[in-house]
Amino acid sequence: MSDILSGLELLAQPESLLWLLIGLCLGFVVGVLPGLGPSTTAALLLPVSVGLPLDSALILIVSMYAGSAFAGAVPAILLNIPGEAGSVVTAMDGYPMAKAGKAELAIGIARMASVAGGVIGGTIVLVLLQPLSSLALQFGRREIFIVAVLGLVVIASLVGDSVRKGLLSGVVGVLIAAMSASPLTGQPRFTLGFLELYGEVPYVPALIGLFALSEMFILSRPAVANPAGEALADAVPRFNLRGMLGQALSGVGETLRRPVAVIRSSLIGLGIGMIPGTGTSIGNFISYSVARRQSKHPETFGKGEPEGVIAAEACDNAVTTGSLVPTLTLGIPGSGTTAILLAALYLQGVAPGPQIMTTNGPEAYAVILAMIVASILILPLGVLLATPLVYFARLPKEYLIPTVLLVCIAGVFSMRNSVFDVGLAVVFGVLGVLMRSLGYPIVPLVMGLVLGPIAEKNFMQALTLGDGDWMYFFQSPTALVLWGLVIVLVGYSVLGRRKPKAPAEMS
Amino acid sequence: MSPKDPAAPTSPGAASAEPDPRRGQERPVRRPRRTASFFVRLVIPLAAGIFAVAFFRGIEGLPTQSATYPRILIAALLALVAINVLIEARALFLRRPHQPATQTELSDEPSDEFGLRPADLLQPLAVIVLMAVFVVFMPLLGFYLSAIVLMPSVAVVLGVRKLWLIALFTAVLTTGAYLLFEIFLEVPLPPGFLG
């Protein structure tokens, strides 16, 4: 309890609140802007976050994450073009509502559902964080190694449309992370003569390259114009504060009249979010289909049913909160954006994992509380800002791309004052373009870069504890259960590979 | 990830079945150029394989404590490369010549969302080259001079033609970068020969 109060105290600082507001507003912009997802933006925020106190840095990233989870619904409702992957499902009922002249009501429902999902998810995580961390503390080195393997396998299996490609991408990431000095002997391993790689592969340039630079390179294709931006701005209802407030209240009322749908969708999102790699789009599809199956009028779904919007948006924000759980308690990122949150923790000198509640409990709780507060603030700020901010979608890519590229270069350079890092970011950017063009997901590679050092450290320490006996990795019930999960998951993913294509998950 | 671009062109090999007006039946789908498609799809697995072999050669002679972990990863990666190559080859060569490709068989094609048609490659390639030039010249020219030269070039590559717009955009961008990094974040950027 004292850690929660300390976390609240950290959050209540004016500086923290300011970063929360900045992050939330940035999230609104990111959510409506095609081409800039929350992962890309979080990667861009990394160099900025290094100069901030730990709690401010984390609050900035998570509030951006929360804001983008809601704001992606706005273009989805107005124009049937999701602002982020999770909003695909929102469009299924939100767009028909907009076509029927109820655009502002649909946005109001999405807004309130996002608030509810974030608050419910955040409150439950607040209660569960300590017990889950205590459970995770039972894990020894071998169990943490197996969890890292499990995390990588889960993500590789669920992201993209092919398990084999995901696994290849993940193992490449882990091997790239091994291009550094051995943690045991200090000998350089395939560092190609670069002193900059001696410590570890600088994953910040890699993250920025893979997420932000590759996105900008791909966006510069001639076929990717921004016609949606023009049409979207035209579809935005005229700014009328009284009307917007009225519709906001109607949206609140419509959402609160369906408490079962709200709570159910939030719980589904929370559960799904806790599984690394699942992401908002998978969670939203599951939540939507459960809502339709349990509805007394399933035939109304897909034709402008408010419960469809609630199912998607409440789940969306609950997933973002749930993804913080494996990130903070196990050091296993729950999503691409939380992988960057993990990177931010490392950059601040904090090792996430089971011990984080002991070493940085207040900061961990401040992050969850920030998510809750950001979710609540979506209501007033979303009324004022989310719809007008849609005009950012008009921003032509001819100006967006050079701006993001320049910010990337400056940001990457500022981390270590290293031109090598900038070159590395460009190399990873090119790699990201190649992989995405050829159908290989980049999120597993990112996870490999982040999880690789964790896996190696725990692997080598476990091997030492077992006196070099490989059977040590199978000599505890917990380890056997975890290996069983790995095998079942790989087998299920391979056998069930002709699953419907889910949108490639980046956030 | 960006939502799928509605304007994205489909690849030349994309499947489409059209009703044949002469026979009232579906026309067989136009088969993609298989050999070229096969080698394109092998780029990533083969590159991963080369990387694994090069890494293995690079850690020869290192003691067990240093080399064990990477060797395990290399073995896993080579196994995955082999699996990927075999699956791609199977998908290609099990399709017999007299059997027209169908939609189901083509569903294993790499996503054409970001297609590799030459027309699509030119601008991204130009932007990548400009970025590489930026990185090479930044230590000499400094960040701001490089930005003034290269960012307008990116805008021109992307289609901006009005000189005054390019000049205004460059001025705003460079000033904004200065204010954000040097003033607000207090992060000095390379001055180059001007420093």
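The following paragraphs lead through a predicted model, from the make-up of chain A to its helices, nonpolar cores and salt bridges.

Chain A is built from 23 helices and contains 0 strands. Of its 507 residues, 65% count as buried. Contacts in this chain reach far along the sequence: among those between residues at least 6 apart, 80% join residues at least 24 apart. The area that chain A exposes is about 17,000 Å², and carbon and sulfur atoms supply 68% of it.

Two helices of chain A illustrate this burial. In α4(A), 18 of the 18 residues are buried, so the helix is largely enclosed by the rest of the structure. Its length also fits expectation: at 1.5 Å a residue, the 18 residues of α4(A) should span 26 Å, and the end C-alpha atoms are 26 Å apart. Helix α17(A), residues 336–347, has 12 residues that should span 16 Å at the same 1.5 Å a residue; its end C-alpha atoms lie 17 Å apart, in agreement. This helix is mostly covered, with 10 of its 12 residues buried. The buried residues run through G336(A), T337(A), T338(A), A339(A), I340(A), L341(A), L342(A), A343(A), A344(A) and L345(A). Their cover includes α3 (38–50), α4 (54–71), α10 (203–219), α16 (324–329), α18 (356–359) and α22 (443–465) of chain A. Just after α17(A), G349(A) adopts a positive phi of about 85°.

T338(A) of this helix leads to a neighbouring loop residue, S323(A), with which T338(A) is in contact. S323(A) is found in the loop between α15 (306–322) and α16 of chain A. The two residues are 15 apart along the chain, and their C-alpha atoms are separated by 7.1 Å. Leaving out residues up to four places away in sequence, S323(A) also touches Y65(A), G273(A), M274(A), G334(A) and S335(A). S323(A) counts as buried because its relative accessibility is 2%, below the 20% limit.

A second serine, S265(A), lies in helix α13 (residues 259–273) of chain A. Its relative accessible area is 0%, so S265(A) is buried. Not counting residues up to four places away in sequence, S265(A) touches S287(A), I310(A), A311(A), A314(A) and C315(A).

Where do the nonpolar residues gather? The largest nonpolar core has 191 residues, and those with the most contacts inside it are L405(A), L449(A), F55(B), L77(B), F134(B) and F143(B). A second, separate core of 6 residues includes V89(A), Y288(A), A291(A) and A311(A). In the largest core, F143(B) is one of the residues with the most contacts. Beyond its neighbours within four places in sequence, F143(B) is in contact with L406(A), I409(A) and A410(A) of chain A, and with F134(B), M138(B), A177(B), L189(B) and P190(B) of chain B.

Nonpolar side chains also appear at the surface. L125(B), V129(B), V133(B), V136(B), F137(B), L140(B), F193(B) and L194(B) make a nonpolar surface patch of about 780 Å². Of these residues, L140(B) is found in helix α4 (residues 118–141) of chain B. Elsewhere in chain B, A54(B) has its place in helix α1 (residues 34–58). A54(B) counts as partly exposed because its relative accessibility is 30%. The C-alpha atoms of A54(B) and I74(B), 20 residues apart along the chain, are separated by 9.9 Å.

Charged pairs complete the picture. Side chains of opposite charge can pair when their charged atoms come close. A search of the whole structure finds 10 salt bridges over all chains. In one of them, the side chains of E88(B) and R164(A) meet at 3.3 Å, N to O. This pair crosses between chains, from E88(B) in helix α2 (residues 64–93) of chain B to R164(A) in helix α9 (residues 163–177) of chain A. Both E88(B) and R164(A) are buried.

A salt bridge within chain A joins R436(A) and E215(A) at 2.9 Å, N to O. R436(A) lies in helix α21 (residues 419–437) and E215(A) in helix α10, so the pair ties together parts that are 221 residues apart in sequence. R436(A) counts as buried at 7% relative accessibility, and E215(A) is buried with a relative accessible area of 3%. R258(A) forms a further salt bridge with E254(A), the closest N and O atoms being 2.8 Å apart. Both of these residues, R258(A) and E254(A), are buried. Finally, salt bridges that share partners join R164(A), R41(B) and E88(B) into one network.

Note on methods:
Residues are numbered from 1 along each chain as its sequence is written. Chains are lettered from A and ligands numbered from 1 in the order in which they are written. This is a predicted model: local features need pLDDT of at least 70, side-chain atom pairs count only at pLDDT 80 or more; totals for chains, interfaces and linings use all residues. Side-chain values use heavy atoms; hydrogens and water are left out. Helices (H or I, at least four residues) and strands (E, at least two) are DSSP runs, numbered from the N terminus. The expected span of a helix is 1.5 Å times one less than its number of residues. Buried means under 20% relative accessible area, exposed over 50%, partly exposed in between (1.4 Å probe, protein chains only). Contact means heavy atoms within 4.5 Å. A nonpolar core is a set of buried Ala, Val, Leu, Ile, Met, Phe, Trp, Tyr and Cys residues joined through side-chain atoms within 4.5 Å. Patches are made of residues with over 30% relative accessible area and no salt bridge: like charges are joined within 9 Å, nonpolar side chains (Val, Leu, Ile, Met, Phe, Trp, Tyr) within 5 Å. Accessible areas come from the Shrake-Rupley method with a 1.4 Å probe; for residues, only the protein chains shown count as cover. A salt bridge is a side-chain nitrogen of Lys or Arg within 4 Å of a carboxyl oxygen of Asp or Glu.
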